[in-house]
Amino acid sequence: MGHKWNGWGVSVKGPLHKINKTPNQDSWVYRKLSWGSIGVVSDGLGSHPYSHIGSKAVCNAVIEAAKISFSNKVYSINEINPYLLFKLIHSIWLMKVHPYLPQESSATCLLAIQNNDEILLAQLGDGLIVATSADDHVILNNKNDFSNITNSIGQKFCKSYWKYKILNSNLVDSILMLSDGISDDLMEDKIIDFSNNISNNYSNYDPQKRYIEISYWLKNWPTPNHIDDKSLVCINKLRSDK
């Protein structure tokens with residue numbers, strides 16, 4: 001019998017969207033299913049007027065695509081072509097954003113899918129995914145210090161925009177996904193400590209207390225003049241199973 005997992009997330013509107021009275025363009029979801037767990041963080045592109053709809057559509061599209069791919073238990077993660085899964089996510093997303101135009105609704109995607117003894121981590125666009133254990137870590141990070149352009153789900157499916165890793169879930173204790181409103185402000189040598197602190201300090205919190213506390217420090221983010229929405233999803237192996 002495999003390990004059990006649980007997850008949670010928090011998202012807060014950035015100062016710029018508060019001032020402009022516009023929606024939080026980030027979305028997140030965590031879903032526990034009979035065959036595993038799914039976590040998603042999506043950041044709508046700020047220049048696109050309906051990107052808040054696009055980011056929510058990304059979360060829903062990942063859930064639906066994963067159910068199609070894994071719910072019948074015929075396939076496991078190492079038996080599928082990840083790019084076919086990403087293409088399915090894109091196709092479902094196009095239906096979810098309709099009647100809005102894809103070029104008005106573009107959004108990034110960070111996802112983690114846990115099924116049996118495997119975990120698929122995938123990233124399209126900005127943000128950060130960190131998978132950690134007692135002895136090791138894996139980081140997916142698309143940060144580009146030389147460009148203000150980020151890849152995103154849009155009109156056309158672009159295989160080259162996606163990157164992914166498949167991990168043995170027995171070697172992972174926690175996964176943290178961060179929108180770029182958080183990840184861009186983390187020093188590289190502090191990423192693992194930040195991830196471990198979130199996982200270790202908050203995963204066993206009362207959910208309401210956790211939401212209040214994390215929302216507070218995300219809204220009072222210490223980086224001067226920060227403006228972005230900020231979202232995170234944390235997925236943990238339940239400690240009683242270790």
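Here are legends for four close-up views of this predicted model.

**View 1. The largest nonpolar core has 30 residues.** Ile 89, Cys 109, Leu 111 and Ile 113 touch the most other members. Two or more residues apiece come from strand 3 (36-43), helix 2 (51-70), helix 3 (82-97), strand 4 (109-115) and strand 5 (118-124). Helix 2 chips in the largest share, with nine residues. A separate core of 18 residues lies apart from this one, and Leu 178, Ile 182, Ile 191 and Leu 232 are among its members.

**View 2. Here's the company that Ile 113 keeps.** Skipping neighbours within four places in sequence, the contacts of Ile 113 include Trp 35, Ile 38, Ala 66, Phe 70, Ile 77 and Leu 85. Ser 37 and Glu 118 are also in contact with Ile 113.

**View 3. Tyr 83 and Tyr 164 pair edge-to-face.** This is one of ten aromatic pairs in the structure. The ring centres sit 5.6 Å apart, with the planes at 85°. Tyr 83 belongs to helix 3 and Tyr 164 to strand 8 (residues 162-168), so the pair ties together parts 81 residues apart in sequence. Tyr 83 is partly exposed at 23% relative accessible area, and Tyr 164 is partly exposed too, at 30%. Lys 159 joins in: its charged end sits over the ring of Tyr 83, 4.8 Å from the centre.

**View 4. Ring pairs link five aromatics into a cluster: Phe 194, Tyr 202, Tyr 205, Trp 217 and Trp 221.** Tyr 202 and Tyr 205 have ring centres 5.0 Å apart and planes at 65°, so they count as edge-to-face. Tyr 202 is buried at 9% relative accessibility, while Tyr 205 is partly exposed at 26%. Lys 209 lies over the face of Tyr 205, 5.2 Å from the ring centre.

How values were computed:
Residues numbered from 1 in each chain as written. Predicted model: local features only at pLDDT ≥ 70, side-chain atom pairs only at ≥ 80, totals over all residues. Heavy atoms only, no water. Core = buried A, V, L, I, M, F, W, Y, C linked by side-chain atoms within 4.5 Å. Buried < 20%, exposed > 50% of the residue type's maximum accessible area, 1.4 Å probe, protein only. Helix = DSSP H or I, 4+ residues; strand = E, 2+ residues; numbered from the N terminus. Contact = heavy atoms within 4.5 Å. Phe/Tyr/Trp six-rings, centres within 6.5 Å; stacked < 30°, edge-to-face > 60°. Lys NZ or Arg CZ within 6 Å of the ring centre and 35° of its normal.
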